[in-house]
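User: Could you take a close look at one helix pair for me? I'd like the packing first, then whatever sits next to it in the chain.

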Amino acid sequence: MELRVQQGNIAETDVDLIVINLFAGVTAPGGATGAIDRVLNGAISRLIAQGDFSGEAESTALLYARANGGSGAEEQGGLTAPRVLIVGLGSSEQFGIGQIRRTAAVAAQAAAKLKGVKTMATIVHGAGIAGHDADAAAQEVALGTILASYRQKRYGREDADAGLASCTVVEYSAAKLADVERGVARGKAIGRGVCSARDLVNEPANILTPVEMAARARAMASEVGLKITVLDEAAMQEEGMGILLAVSQGSVNPAQFVILEHAPAGSSESPLILVGKGITFDTGGISLKRTGGMWEMKGDMGGAAAVIGAMEAIGRLNVRRRVIGIAPCVENMPDGKAFRPGDIITGMTGKTAEIISTDAEGRLILADALAYVARFDPVAVVDLATLTGAIGTALGMHIRAGLFSNDSSLEEKLMAAADHSGDRLWPFPMDAEYGKPIKSDMAEVKNSAGRAGVSSSAKFIEHFTEGYPWAHLDIANMVLADSRINAETPKGATGYGVRLLVELAERYAASA
Ligand code: BES
Ligand code: MN
Ligand code: ZN
């Protein structure tokens with residue numbers, strides 16, 4: 001879908017569908033909605049008066065304008081476009097930035113369902129309302145439109161619905177045009193990053209091996225202009241990443257350690273570091289998972305996908321902060337060469353770990369990845385991982401991911417970025433006592449404590465983080481959805497984390 005910006009009167013745009021909006025409780029529409037209402041001889045006012053549309057959030061009404069033969073709209077006294085969609089904005093009192101994004105997503109989704117609609121034009125929902133400037137509002141309109149228009153890749157079958165070909169964001173005021181253009185460009189960059197993460201997660205594990213993931217990261221890096229380094233298994237051996245390599249041991253697909261760097265104007269400042277769990281498939285290894293639902297473990301690289309998608313957006317936006325993205329990509333398989341429960345392995349820091357379950361592999365690859373990043377003297381390190389099924393028991397599915405941190409200032413920044421971006425988080429405790437169940441008799445730490453839960457898993461990871469503020473996000477309940485979550489979040493891969501990480505990087509850029 002092509003997204004563009006145009007200055008003018010939306011009533012005069014030559015598209016298949018015009019999108020306008022209405023706040024809840026408004027009976028006499030103003031602005032662009034009022035203007036269209038007048039062109040339609042009060043059709044919108046009558047729709048409201050008849051009680052068929054109240055402006056409730058995410059509600060829609062479709063109107064068919066008088067056909068005017070396609071010449072000038074003014075002389076016909078009608079619209080050039082044959083259809084008008086009104087989307088409810090909900091209450092004007094609790095009108096947040098997320099509502100703008102959701103409204104645009106609802107419109108794009110409704111448009112996609114209309115077979116005759118290939119082109120649409122929309123106003124910038126919410127610009128100038130409740131303190132949202134045109135720039136921020138336009139960003140959310142572009143983002144919502146792109147997120148809702150995402151189509152999963154198909155193999156060997158036709159995509160029956162090709163979706164929208166174009167969306168034009170129309171701004172009446174010439175004075176605001178530059179702001180709207182900037183906002184749309186930003187929304188586009190973030191939206192493309194989210195869609196890239198979704199593509200990676202949706203891809204099956206026979207296609208998206210660690211080597212293929214590294215290849216895709218390379219292609220993205222050269223397109224966007226990021227620096228990339230990929231360590232192969234020999235290089236990882238050299239670095240002493242014995243814990244990560246133990247997980248990879250049972251797979252014929254060699255591990256890859258991807259390092260992406262965004263350094264604005266060659267900056268060498270202390271970087272923000274993002275680390276994503278990249279298990280391309282998690283069978284559980286010798287501690288084999290049961291069959292039911294195992295296919296979902298193709299999404300066990302959702303953390304790495306979020307980091308790669310975020311780095312793509314951060315590069316495109318040229319965020320004024322040095323950011324490094326790390327994606328350890330590994331396949332966890334059972335095999336004659338695989339590591340086993342009871343094994344004791346040594347990683348980069350020299351610390352030893354006793355393996356209780358080979359299915360608690362995410363924390364193992366993170367252990368070496370988090371040890372590796374200390375060399376960059378980071379301002380903060382955030383890891384994202386589909387770490388535990390238990391996080392979904394604690395927080396439910398697709399509402400909030402779990403946040404674990406030992407640094408209150410980083411935790412605060414993450415919570416604020418989460419609320420603003422819509423990729424929400426919820427904080428969990430990290431008391432020392434949660435570390436007790438993972439004490440090992442034979443090694444320094446063991447990788448599983450049975451039913452000890454989410455905080456003990458985070459405590460394992462914490463062992464390997466030294467010398468920097470650190471936060472861990474358990475996103476196992478956010479990455480793959482078995483049905484559509486909302487207008488902007490489809491069935492399948494959600495792309496969770498990209499918006500959050502971009503927002504966090506922007507906040508570090510603003511505070512530097
Ligand atoms: N990748 C899984 C966690 C997961 C579960 C992600 C469901 C997405 C959906 C992780 O590697 C795992 O197997 N975790 C175990 C930990 C246990 C062995 C300590 C779990 O959650 O059961
Ligand atoms: Mn596992
Ligand atoms: Zn896993």
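Are helix 6 and helix 10 roughly parallel or roughly antiparallel to each other?

Analyst: This is a predicted model, with local features needing pLDDT of at least 70 and side-chain atom pairs pLDDT 80 or more, while totals for chains, interfaces and linings use all residues. Residues count from 1 along each chain as written, chains are lettered from A and ligands numbered from 1 in written order, and side-chain values use heavy atoms, without hydrogens or water.

Helix 6 (residues 177–202) and helix 10 (residues 302–317) have axes that come within 8 Å and cross at roughly 155° (lines fitted to C-alpha atoms over the stretch in contact, angles from 0 to 180 degrees between N-to-C directions; helices are DSSP H or I runs of at least four residues, strands E runs of at least two). So the two are roughly antiparallel (over 145 degrees). The crossing is right-handed, the near helix being turned clockwise from the far one by less than a right angle.

Contact (heavy atoms within 4.5 Å) involves, among others, Ala189, Gly193 and Leu200 of helix 6, plus Ala305, Gly309 and Glu312 of helix 10. By class, that's 10 nonpolar, 4 polar and 4 charged residues (nonpolar: Ala, Val, Leu, Ile, Met, Phe, Trp, Tyr, Cys, Pro; charged: Asp, Glu, Lys, Arg; polar: the others, Gly included).

Now for the metal site. Lys277, Asp282, Asp300 and Glu361 are the protein donors of the zinc ion (ligand 3), at 2.0 to 2.4 Å (N, O or S within 2.8 Å, or 3.2 Å for Na, K and Ca). Asp282 bridges this zinc ion and the manganese ion (ligand 2), 3.2 Å apart. Asp300 sits in the loop between strand 10 (278–282) and helix 10, and Glu361, 61 residues away, in the loop between strand 13 (352–354) and helix 11 (362–372).

Notes:
Angles under 35 degrees count as roughly parallel, over 145 as roughly antiparallel, 65 to 115 as roughly perpendicular and the rest as oblique.
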